[in-house]
Amino acid sequence: MESLIRYIPGSAPLVLDSPHSGVTYPDDFRSVVDLAVLRRAEDTHVEKLYDFAPGLGIAWIEALFPRSYLDANRDLTELDVSLLEDAWTEPLSDDPVFLAKVRLGKGLIWRCTDEGLDIYDRKLTADEVRGRIARCWQPYHAAVQQAIEAAHARHGYSIHLNCHSMPAISASHATDFPGLVHADFVIGDRDGSTASPALSGLVCDTLRGFGYDVSYNHPYKGVELVRRYGDPSSQRHSIQVEVNRKLYMDEDSLQQHAGFERLKSHLRQMVERLLATDPRDLR
């Protein structure tokens, strides 16, 4: 079976991953939503914005499957069991804060689009979900964990950037802040619990130095991939980077516009600054 992730190991202390830019829609998806609508859920072109990373010795992990099929940035306990026709026997979270995305229809398996359209006209089987986890979630997380552990073993620290994009204005079923006009960037470290605030501050300051409007931990603090692998007390730093799509693409046509190369240059400069930074030296 063809792999649904791309993993390029690195030699640097940095690890970058893009869990939501996949465009390979598996045959067993069987969504009733038009592909053009589903594609609005993608972090379109994020993999291209950071395609310089492997050339700098940075490990790169990319989901080739779409987030609407399975969201690798969710915990396995964040499953909306109303989607299933039979029983789910694995553990489920009962934490109302943890399950905020499930209530919006955006759990491990999406129930609806950002605009509130039902993705399925059928119930899924538990075995279907287990198959998606085995083909998508497990190899993706294994690659991220392996890359971070390898970087940390080589350098004594690791810096993980979890790379995303966001619409200019939040849709009705996308977040707990529908209609919010987003900043140019949102940098998240779950209130300093997944990365050193000094390191996150360096990222924010670098982007502000390029003239961008940068928000820190609002409205996005970071979710499963930074929560699971970020541990600043052991010098494992995980930071979520959300970039506003208006900076580099037309959100209707999904086509890149003239701002793409400028943004990509700034992202490369940001990453190069992180390559030159040992977080153990920051205060």
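This dialogue explains how to read several features of a predicted model.

User: How should the sheet be read, and what is the order of its strands?

Analyst: A sheet is read strand by strand, from one edge to the other. Here an open sheet of 7 strands runs in the order S1-S3-S2-S4-S7-S5-S6, and its pairing is mixed. Strands S1 (5-8) and S6 (214-216) stand at the edges; each has a single partner strand, so one side of each lacks a neighbour in the sheet. On average, neighbouring strands of this sheet are turned by 15° against each other, direction ignored.

User: In which sense do strands S5 and S7 pair?

Analyst: Strand S5 (residues 185-188) pairs with strand S7 (residues 236-244) in the antiparallel sense, over 4 bridges. Within this part of the sheet, Val186 has Glu242 in S7 as its bridge partner.

User: Which strands does helix H5 lie across?

Analyst: Helix H5 (residues 197-209) lies across S4, S5, S6 and S7, and runs at about 165° to S6.

User: Is His160 buried or exposed?

Analyst: One compares the relative accessible area with a cut-off: a residue under 20% counts as buried. His160 has a value of 0%, and is therefore buried. This residue lies in strand S4 (residues 158-166). The side chain of His160 makes a polar contact with the side chain of Ser238, at 2.8 Å. Apart from neighbours within four places in sequence, the residues in contact with His160 include Val15, Asp17, Val144 and Leu225.

User: Is Glu85 buried or exposed?

Analyst: The cut-off for an exposed residue is over 50%. Glu85 has a relative accessible area of 55%, and is therefore exposed. Glu85 is found in the loop between strand S3 (59-63) and helix H3 (100-103).

User: What separates the C-alpha atoms of Glu85 and Thr125?

Analyst: Separation along the chain and separation in space should be read as two quantities. Glu85 and Thr125 are 40 residues apart along the chain, while their C-alpha atoms are separated by 5.6 Å. Leaving aside neighbours within four places in sequence, Glu85 is in contact with Lys123, Leu124 and Thr125.

User: How is the span of helix H4 to be judged?

Analyst: An expected span is set against the distance between the end C-alpha atoms. At 1.5 Å a residue, the 30 residues of H4 (residues 126-155) should span 44 Å; the end C-alpha atoms are 42 Å apart, which agrees.

User: Where is the kink in H4 centred?

Analyst: The kink, of about 40°, is centred on Ile133. Just after H4, Gly156 takes a positive phi of about 85°.

Note on methods:
Residues numbered from 1 in each chain as written. Predicted model: local features only at pLDDT ≥ 70, side-chain atom pairs only at ≥ 80, totals over all residues. Heavy atoms only, no water. Helix = DSSP H or I, 4+ residues; strand = E, 2+ residues; numbered from the N terminus. Buried < 20%, exposed > 50% of the residue type's maximum accessible area, 1.4 Å probe, protein only. Polar contact = N/O pair within 3.5 Å; in protein donor to acceptor, adjacent residues only side chain to side chain. Contact = heavy atoms within 4.5 Å. Expected span 1.5 Å × (residues − 1). Bend = angle between axes of the 7 residues up to and from the residue. Pairing = 2+ DSSP bridges. Axes fitted to C-alpha atoms, helices over the stretch in contact; angles between N-to-C directions.
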